[in-house]
Amino acid sequence: MWRSDETTVANEGCLSLPEHYADVTRPAAIRLRYLDHENEIREIEAKGLLATCIQHEIDHLDGVLFVDHISSLKRGMILRKLQKAKRSRVPEHV
Ligand SMILES: [Zn+2]
């Protein structure tokens with residue numbers, strides 16, 4: 001519903017991109033409305049680590065990963081390393 005103009009930088013990682021981390025700049029504070037586990041509409045304001053985590057998770061719902069927020073150079077480095085790691089895990093045909 002709202003995000004602060006003030007930003008903050010956090011070193012983020014993700015189970016979708018294991019063992020890779022990058023500094024991501026996001027709004028420092030947010031306000032959001034959500035449905036809780038009892039189907040009640042709630043609103044909260046969050047800042048700090050909670051605000052970063054919520055934005056990271058909402059990004060997932062939109063198909064966005066933390067690497068989509070960093071430079072294409074850094075994103076390319078991480079994605080190439082993951083591809084290389086993936087290839088090395090696949091057993092070779094004999
Ligand atoms: Zn994630």
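The following exchange asks what supports each label used for this predicted model.

Modeller: Residues count from 1 along each chain as its sequence is written, and side-chain values use heavy atoms, with hydrogens and water left out. Because the model is predicted, local features need pLDDT of at least 70 and side-chain atom pairs count only at pLDDT 80 or more, while totals for chains, interfaces and linings use all residues.

Colleague: What makes E4 and E5 a pair, and in which sense do they run?

Modeller: Two strands pair if DSSP finds at least two bridges between them. Strands are DSSP runs of E with at least two residues, helices are runs of H or I with at least four, and both are numbered from the N terminus. E4 (residues 29–35) and E5 share seven bridges in the antiparallel sense, so the definition is met. Ala29 faces Lys47 in E5, and Leu35 has Ile41 as its bridge partner there. In the hairpin of these strands, with five residues between them, Asn39 has a positive phi near 65°.

Colleague: How do you know that E1 pairs with E4?

Modeller: E1 and E4 have two bridges, antiparallel, and the definition asks for at least two. Arg3 stands opposite Ile30 in E4. The resulting open sheet has three strands in the order E1-E4-E5.

Colleague: Why are E1 and E5 called edge strands?

Modeller: E1 (2–3) and E5 (41–47) each pair on one side only.

Colleague: What makes Cys14, His56 and His60 donors of the zinc ion?

Modeller: Donors are N, O and S atoms within 2.8 Å of the metal (3.2 Å for Na, K and Ca). Cys14 (SG), His56 (NE2) and His60 (NE2) lie 2.0 to 2.2 Å from the zinc ion, so they qualify. Water is not among the atoms, so a site may look incomplete. The spacing in sequence is C-x41-H-x3-H. Cys14 sits in the loop between E2 (7–13) and E3 (21–27) and His60 in helix H1, so the pair ties together parts 46 residues apart in sequence.

Colleague: Is Cys14 buried or exposed, and what is His60 called?

Modeller: Buried means under 20% relative accessible area, exposed over 50%, and partly exposed in between, with a 1.4 Å probe and protein chains only. Cys14 has 13%, so it counts as buried. His60 has 28%, so it is partly exposed.

Colleague: What makes the contacts of the Ser4 side chain with Glu6 and Ala28 polar contacts?

Modeller: A polar contact is a pair of N or O atoms within 3.5 Å; within protein, one must be able to donate a hydrogen and the other to accept it, and residues adjacent in sequence count only if both atoms are side-chain atoms. A polar atom of the Ser4 side chain lies 2.8 Å from the backbone oxygen of Glu6 and 3.1 Å from the backbone nitrogen of Ala28. Ser4 is in the loop between E1 and E2, and its relative accessibility of 11% makes it buried.

Colleague: Which residues form the largest nonpolar core?

Modeller: A nonpolar core is a set of buried Ala, Val, Leu, Ile, Met, Phe, Trp, Tyr and Cys residues joined through side-chain atoms within 4.5 Å. The largest has nine: Cys14, Leu17, Ala22, Val24, Phe66, Val67, Ile70, Ile78 and Leu82. E3 and helix H2 (72–89) each give two or more residues to this core.
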